[in-house]
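User: I would like to go through this model with you, taking the side-chain pairs before the interior.

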Amino acid sequence: METVPRRVHLAFLVFPLVVFGAPRDESGPQQFTATLNSCRRCCDSLDAPGSSETSPGTNSPRSVPYIIPEVRPYINLTILKGDKGDQGEPGIPGKWGKEGPPGERGAQGPKGNKGQMGAPGDPCKHQYAAFSVGRKKALHSSEGYQALIFDTVFVNLYSHFDMFKGKFYCYVAGLYFFSLNVHTWNFKETYMHVMRNNKEEVILYAQPSDRSIMQSQSLMLELQENDEIWVRLYKRERDNAIYSDDVDIYITFSGYLIKPSLE
């Protein structure tokens, strides 16, 4: 008995659906058109929405949605590219790098041609040398080796001979000639050396005799610059002496340049 009233109620609920149908969305082309007409684009007509010329029900182009195409600009770079410009100025040089190791020595090149004659040499470099000195006083050697000092100047070109040391200093290299002259002393030995630097070049020797005589020695030497030429006495067991007086000169030592090495 209870099921009958329930069926009656369900029939009242279903009946409106059968008669009237299910509710529908009433928005159609007109509502869509009205929506589009609510806003305008810059390319639309100036006609106001809802004018008499265009009815909401007509199928106008504005009733269809307009899709804006995507625009992608293309630039032809070959047209915009100009001509090649001029070369610019060089930039500031960079810092020097580290010095590398020295390379191997290269092969010797061919001999070059003879050059032109050079400019004249230093005028202070004299190409001449000559001296001649003497001694008026006799001398007895009191030491094993004693330098012979002179007190009289005959020639001393450019002062190459030092009178205080009794030495000739070579300032111009070349070939030189030297001569030594002394007078022996009665009953005394005469033993002398002509020295180059610290080396004996020649000896002048006379044995003791009851007569005094003149003795001489001469030689030529190839000298280098700064060589020293001087005379020394060598004392042994006997007395070693050379004679002279205050009036006459018996002892002389001379030298001069024959040919310089620069010629």
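User: Is glutamate 201 buried, exposed or partly exposed, and what is the relative accessible area?

Analyst: This is a predicted model, and the answer is a value computed from it. Buried would require under 20% relative accessible area and exposed over 50%. Glutamate 201 falls in between and is therefore partly exposed, with a relative accessible area of 24%.

User: Which side chain meets glutamate 201 in a salt bridge?

Analyst: The criterion is a side-chain nitrogen of Lys or Arg within 4 Å of a carboxyl oxygen. For glutamate 201 the N to O distance is 3.0 Å, and the partner is arginine 196.

User: Which residue forms a salt bridge with arginine 232, and how far apart are the two in sequence?

Analyst: The closest N and O atoms are 2.6 Å apart, and the partner of arginine 232 is glutamate 200. Arginine 232 counts as buried at 9% relative accessibility, whereas glutamate 200 is partly exposed at 38%. Arginine 232 belongs to strand β11 and glutamate 200 to strand β9, so that the pair links distant parts of the chain, with a separation of 32 residues.

User: Which strand gives the largest share of the largest nonpolar core?

Analyst: The largest nonpolar core has 28 residues, and Leu148, Phe168, Tyr176, Phe178 and Phe253 have the most contacts inside it. Among the elements that give two or more residues to this core are β1, β8 and β13. The largest share, four residues, comes from β7.

Technical notes. Residues numbered from 1 in each chain as written. Predicted model: local features only at pLDDT ≥ 70, side-chain atom pairs only at ≥ 80, totals over all residues. Heavy atoms only, no water. Core = buried A, V, L, I, M, F, W, Y, C linked by side-chain atoms within 4.5 Å. Buried < 20%, exposed > 50% of the residue type's maximum accessible area, 1.4 Å probe, protein only.
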